[in-house]
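Reader: Hi! Could you walk me through this structure, please?

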Amino acid sequence: MTPAFEKLARPIQKWIRTQGWSELRHIQSQATHAIIGGNADLIIAATTAGGKTEAAFLPLISQVLDDPAQGGGFDLLYIGPLKALITDQAGRLEEICREMELPVTPWHGDVSAAVKTRALKAPRGILLMTPESLEALFIRRGPEIPGLFGATRAVIIDELHTVLDSERGVQMRSLLTRMELAIGRPIRRIGLSATLGDMELAKAYLRPDDPGRVVLLEAQGGDAELMLQLRGYISGDKDEKTPPADHQIARHLFRNLRGTDNLVFAGSRQSVEIYADQLRSLCEEERLPQEFYPHHASLSRDHRDFVEKRLKDTAKPTTAICTSTLELGIDIGDVACVAQIGAPFSVAALRQRLGRSGRRAGQPAVLRQYAVETRLTPHSDYVDRLRLGLIRSVAMIDLLLEGWCEPPRPQALHLSTLVHQILSVIAERGGASAGRLYRVLCQEGPFKNVEARVFTDVLRALGDPETALIEQGDDGLLLLGRVGEKLVEHYSFYAVFQTPEEYRLISGGKELGTLPIQNVMAPGMMLIFSGRRWLIQEIDDRAKVIVVVPSKGGIPPIFGGNPGDIHDRVIVRMFAILEGNSAPAYLDRTARDLLDEARRHYGQLGFSASSTAAFSETRFAIATRVGTVKTTTLALALRSEGFAVETHDGFLTVTAKDRQDDLVLTIRQIALGAQITLFSDQTNLIFEKFHPYLTRTLLELDASGARVDERALPELCRQIAIKRPEGR
DNA sequence: GACCTGCTGCGGCGTG
């Protein structure tokens, strides 16, 4: 055994021997040296089954055993984003700690109150929590926080890459700062993460005040060989002999995936239902046992557990048709192949998904990408002619092969989460001064981009008698107001993210899952859900329950959602592909023809030489050549100047009301720095949980930080206005 | 033109 092994506590060494490990993995040795040899914050980056949990916990538990704390609460705090992950990890840690009399306490909404009460009475060992449960602890038991975490040596943040700059990530960092302030010292932070494109940014998120001192350990190598194919399909065939594109794809999946474990990422819940239904029918037609199952967040926990268990069970071949539910989190074992239908929304997601395949030594990772484009007619729009879905798929695969993926977004203001944390700090302490709130949240905490003036405006908005979230006591202390008290009292307060209203779908007394309320439903209608077909029997609008029975026909429901942000670099690569002339070897015949066709149309539209094209005196296209945020910003600016604008990947379609409007002139004026209003009264700015309590001015400021990039506008318009050298 | 995640305290009732 290695020097690292010798550093571990005796009981841990004994446990390792009983596991039959011949040696520690490299990342585990490195982590042992870093954790036992120093006191720095740490990021351990490796794939899902890379042994990260043990890499962090074996040395940390060793420290606890070799140098036990005398009281002062839990020794180690683990924060995980999923209940299932916490249950999984608690089980693994209990195995390690069983002989050592170190308690392991999983703590989330499904854990019984008895377990929680016991842990609070004698707080020690390892506590595993969700960010929401930690939030609840601060609000319900604020004064007990120093006693519970006074001796805590380290906090382990699992799946760090999934939180980073998200609402939940900001909430978590705020809680950690508040915990450090409550106990009067920093607590070592250890992040467990998938490998990111830019790990420097992850360091800054883990410890914003001192990212330079964060040690980064990355598991090296392990890159399996990649087998790759992109197949092109054309939908909207008039020819009756050719089946529709989705049938062709379903048949191809059926022929190639049957008999093994696979993941098919279909892009949306609706599309998951469509393909699951078709694959089920194919099994029935061929009189074969069922092995294709849908998996997405609207399906019941029971059904999802069933699919996850089947994936783990090596005896039964299983293919899950899924959304990002199966992209991260609990281990489902190795799969033979990952299929992706339609272009993914980020290279980071594509990489994470592909990481589910090719994990066994000697096995290649297999990616099957399916691109669906519409059949062209003489009237087809230019965006259809440019085959943007196929081009984006190629761009993302290119970038994946180069090892690039999207870095976390630049830090937004997060005013909705700030409102939440203001209420939470007041609840924790029973009241707080404005100065203290500013210090805790904005100076020490994660809301560093919020200036004092903006912070004061937020407090004023919350204190407005109409809003009544907070009020000022006689001594100047800020207290919860009438509405604020009600909000904080209810358990729905702890989560910082918004959730839509839904119907529950019931059949034979069993819940099938949930359905967003925007679906227009009536008894007698037929529905595809959970991969099967149903007839609606009755609807209870007040209880939000729909009762269904099995049927022969049906259509898939709408699940809604918001368009995602495509990164600048992906769009830049798409244009490079449109302007290039070689075709990647992994394209099939149809995909290659579609790519040629896209390039031909790109040239015919004149985009090689100019960034604008006119279809008539009032209808134009602009090639922005940049990602969603900047493209959307230009769209808002042009709308406020009276143009009608549609957005696409790297393109805008612009319609002028009359021919007097000169688009080119407007673009030139913006390029020269003309002042433009981006938001009109009609622009919806409420998309996060606590946005309804803020003023219009604050909402515009919040949107400016995250959804638009006003400063990039003049340069963007300069680039659009100039002629491009032909053939570049 | 998309996806995902989470939740306390207490009253009422049944059982040992």
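Author: Happy to; we can take the DNA, then the sheets, then some helices.

Author: This is a predicted model, where local features need pLDDT of at least 70, side-chain atom pairs count only at pLDDT 80 or more, and totals for chains, interfaces and linings use all residues. Residues are numbered from 1 along each chain as its sequence is written, chains are lettered from A and ligands numbered from 1 in the order in which they are written, and side-chain values use heavy atoms, with hydrogens and water left out.

Reader: Thanks! Which residues come nearest to DNA strand B?

Author: Those are R304, R392, Y491, G560 and N562, out of 36 residues around the strand; a residue is near if one of its heavy atoms lies within 4 Å. Of the DNA strand B atoms that come within 4 Å of the protein, 55% belong to sugar and phosphate.

Reader: Which helix gives the largest share of that surface?

Author: Helix α7 (residues 131–140), with four residues. Helices here are DSSP runs of H or I with at least four residues, strands are E runs of at least two, and both are numbered from the N terminus.

Reader: And how many charged residues are near DNA strand B?

Author: Nine, alongside 17 polar and 10 nonpolar ones. Asp, Glu, Lys and Arg count as charged, Ala, Val, Leu, Ile, Met, Phe, Trp, Tyr, Cys and Pro as nonpolar, and the others, Gly among them, as polar.

Reader: What do the side chains of R304 and D649 approach?

Author: R304 has a polar side-chain atom 2.5 Å from a phosphate oxygen of DNA strand B. For D649, a polar side-chain atom lies 2.6 Å from a base nitrogen of that strand. R168 also has a side-chain N or O atom 3.4 Å from a base oxygen. The cut-off for such a pair of N or O atoms is within 3.5 Å.

Reader: Next to D649 in sequence, what's going on at G650?

Author: G650 takes a positive phi near 75 degrees in the hairpin of β23 and β24, which has two residues between the strands. Those strands, residues 644–648 and 651–655, pair antiparallel over five bridges; pairing requires at least two DSSP bridges. T647 has L652 as its bridge partner in β24.

Reader: New topic: what is the strand order in the seven-stranded sheet?

Author: The order is β3-β4-β2-β5-β6-β1-β7, in an open sheet with parallel pairing. At its edges are β3 (104–107) and β7 (215–218), each pairing on one side only. The average twist from one strand to the next is 15 degrees, using angles from 0 to 180 degrees between N-to-C directions of axes fitted to C-alpha atoms, for helices over the stretch in contact.

Reader: Where does α11 pack?

Author: Helix α11 (residues 199–206) packs on that sheet and touches β1, β5, β6 and β7. Contact means heavy atoms within 4.5 Å.

Reader: What about α2 and α4, at what angle do they cross?

Author: Roughly 140 degrees, with the axes of α2 (residues 10–19) and α4 coming within 8 Å. P11, I12, W15 and I16 of α2 meet L58, I61, S62 and L65 of α4.

Reader: Last one: why is α15 described as largely enclosed?

Author: Because six of the eight residues of α15 (residues 347–354) are buried, the helix is largely enclosed by the rest of the structure. Among the buried ones are Q352 and R353. Buried means under 20% relative accessible area, with a 1.4 Å probe and protein chains only.

Definitions and conventions. Polar contact = N/O pair within 3.5 Å; in protein donor to acceptor, adjacent residues only side chain to side chain. Buried < 20%, exposed > 50% of the residue type's maximum accessible area, 1.4 Å probe, protein only.
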